[in-house]
Amino acid sequence: MAAASLLSPHFLLNPKLSIQTSASKFPIPKSRSTPRTRVFSATFSDPFVLQIAETLEDSLSSSSSYLLQKLRDASSQNVLSTAWPSRKDESFRFTDTSLIRHSQVTPISHPPTSIAISIDTQFPNISIVDGHIVNSLSNLSQLPTGVFVGSLSSLSSETISKRVSEFVANFEGDLFWSLNGLGTPDLVVVYVPAGCRVEMPLHIMYYSVEGGDIGSKKLPVSNPRVLVLVEEGGEIGVIEEYVGGGENKCYWANAVTEVVIGEGAKVKHSYIQSQSLSAAHIKWTSVQQGSSSSYELIEVSTGGKLSRHNVNIQQVGPDTVTELSTFHLSVGDQTQDLHSRLVLDHPRGYSRQLHKCIVAHSLGQAVFDGNIKVNRYAQQTDAGQLTRSLLLEPRATVNVKPNLQIIADNVKCSHGAAISDLEENQLFYFLARGIDSETARQALIFSFGGEVIERLPYSLIRKKVETHIKALLEPTLKGSP
């Protein structure tokens, strides 16, 4: 039997509780270069975290911009107070991070000197190799006037710098979030001015080139970080694609993406992760939505021995729309983990979340922990959440925890969860019409993930993902009865 754990949905009804948020402001940098100073204490309770923090600091350049140094200083304080996560921590109860914990973590201080990478995109793009921006592989010529895409260190506009300063180090995540802030070599800034509609999506390509061999214990780590800031009425599509240079290379991509969406602005966010099956991929996506704004995230994750995506979304104004669609596929000894948190604080918010996963290996695992919190003033909220998991092998495992917390008393909220193998009546439907069992299983499995894949808004990306999914599932389908 395949293993499945479905934790009971949890409801919290407490009209006395409310959460208030306030935006923090940061001063405009007076100098673009600040000397680096070591801030770590020798007396730290977790030697492994301290070792990583010190190696990250030593790998950085001797000077950095004021804002980047501010981010590193804030992150270092969080690192000092946070231990390495274990299975005893509730948020990592089903996620084993020993792949990283038992490796020799080494920061990648510069991109490779010789880069043999083929750029497969027709959209404006920026390339990030091992956490470093590589301008020679980027093409931003098709972006409209006023849109800025580039590194924080190359940002010359004081107006944009002032806006960016309001959101740098403005959110606290977990240990991995802080390690990224401490070790990122630069911040990629994507700025869309008010009222500007970017017709073509921005394709952010992440390449992991350096990696250790299986059994070597070497685990190079990269820390790419992106801030997307869309002003009032602006619109942009963003494609984040993570790929690895070798099928069995061992590395750790520790990424952070922050998205700030102004009033009435729209962001369509596609996130595709197909890194090495021996790699660790940990990603944070933090989103702040202004009133009447729209944010749509479509995620397809198939790579990584350990893959975890932390999504945190805060609706900070009324009439916001949030749509999350996720498809995870585990075809080997892999963990595919999604932890999402959506907080609604204002009236008439709308949200829909669809999470689907296929575990096609007896050692494979999927994890879903989805939390939607509807606070007191979020009246007339319409929130829906659904998670469906398909287990194709004996001992395949999925752990799901849908969590809906409602404090407001005038809302429309629902959620559901289902875990199963392919249903016999569905197979019988095909067989009764003369379709063989292998073709029937193939059609049912592809259509299960296709519900999310077809939501990718760009046909070139959609076809690429479909081809990749079929190639990964082919051994499973050939071995099926």
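## A walk through the structure, starting at Val149

Select Val149 first: this residue is buried, since its relative accessible area is 10%, and the cut-off for buried is under 20%. Keep in mind as you click around that you are looking at a predicted model.

**Stop 1: around Val149**

Val149 sits in strand β8, which covers residues 148-151. Which residues does Val149 touch, not counting those up to four places away in sequence? Show Ile126, Leu140, Leu143, Val189, Val190 and Leu202, and you have them. Now add Tyr191, 42 residues apart from Val149 along the chain, and check the C-alpha atoms: they are separated by 6.5 Å.

**Stop 2: the nonpolar cores**

Next, pick out Ile204, Val226, Ile236 and Tyr295. These are the residues with the most contacts inside the largest nonpolar core, which has 49 residues. Here's some background: in soluble globular proteins, nonpolar side chains tend to be buried together.

Zoom in on Val226. Leaving aside neighbours within four places in sequence, Val226 is in contact with a list of residues including Ile128, Leu187, Val188, Val190, Ile204 and Tyr206. Val256, Thr257 and Glu258 are in contact with Val226 too. Apart from this core lies another one, made of 30 residues. To find that second core, select Val331, Ile358, Ile453 and Ile461, which are among its members.

**Stop 3: helix α2**

Now move to helix α2, residues 66-80. How far apart are its end C-alpha atoms? They are 21 Å apart, which agrees with the 21 Å that 15 residues should span at 1.5 Å a residue. Colour the buried residues of α2: Leu67, Leu68, Gln69, Leu71, Arg72, Ser75, Ser76, Asn78 and Val79. While you look along the helix, remember that an α-helix has 3.6 residues a turn, so residues three or four places apart point the same way.

**Stop 4: salt bridges**

How many salt bridges does the structure hold? There are 17, and we'll visit a few.

Start with Asp120 and Lys464, whose closest N and O atoms are 3.9 Å apart in their salt bridge. Asp120 lies in the loop between β5 (104-107) and β6 (125-129), while Lys464 is in helix α8 (residues 459-478), so this pair ties together parts that are 344 residues apart in sequence. Lys464 counts as partly exposed, at 32% relative accessibility.

Now jump to Lys305 and Asp333, where the side chains meet in a salt bridge of 2.9 Å, N to O. This pair also links distant parts of the chain, 28 residues apart. Lys305 is in the loop between β17 (294-301) and β18 (306-315), and Asp333 is in the loop between β19 (321-330) and β20 (335-344). Lys305 is partly exposed at 30% relative accessibility, and Asp333 is partly exposed too, with a relative accessible area of 38%.

Then try Lys218 and Glu210: their side chains form a salt bridge at 3.8 Å, N to O. Lys218 is partly exposed at 35%, and Glu210 is partly exposed at 31%. Finish this stop by selecting Glu90, Arg93 and Lys401 together, as salt bridges link them in a network.

**Stop 5: two unusual backbone angles**

Most residues other than glycine have a negative phi. Select Ala169 and you'll find a positive value, near 60 degrees. Ala169 is in the loop between α4 (158-165) and α5 (175-183), and counts as partly exposed at 25% relative accessibility.

Where is Arg348? Look in the loop between β20 and β21 (350-359). Arg348 has a positive phi of about 60 degrees, though it is not a glycine. This arginine is partly exposed, with a relative accessible area of 41%.

**Stop 6: the cysteines**

Pick Cys250, which is buried at 11% relative accessible area. Then pick Cys357, buried at 1%. How many disulfides turn up in a search of the whole structure? The search finds 0.

**Last stop: zoom out**

Switch to cartoon view and take in the whole protein: 8 helices and 25 strands. Of its 481 residues, 55% are buried. Turn on the surface, and about 20100 Å² is exposed, with carbon and sulfur atoms supplying 50% of it. Finally, think back to Val149 and Tyr191, 42 residues apart along the chain. Among contacts between residues at least 6 apart in sequence, 85% join residues at least 24 apart.

Note on methods. Residues are numbered from 1 along each chain as its sequence is written. This is a predicted model: local features need pLDDT of at least 70, side-chain atom pairs count only at pLDDT 80 or more; totals for chains, interfaces and linings use all residues. Side-chain values use heavy atoms; hydrogens and water are left out. A salt bridge is a side-chain nitrogen of Lys or Arg within 4 Å of a carboxyl oxygen of Asp or Glu. Helices (H or I, at least four residues) and strands (E, at least two) are DSSP runs, numbered from the N terminus. Buried means under 20% relative accessible area, exposed over 50%, partly exposed in between (1.4 Å probe, protein chains only). A disulfide is a pair of cysteine sulfur atoms within 2.5 Å. Contact means heavy atoms within 4.5 Å. Accessible areas come from the Shrake-Rupley method with a 1.4 Å probe; for residues, only the protein chains shown count as cover. A nonpolar core is a set of buried Ala, Val, Leu, Ile, Met, Phe, Trp, Tyr and Cys residues joined through side-chain atoms within 4.5 Å. The expected span of a helix is 1.5 Å times one less than its number of residues.
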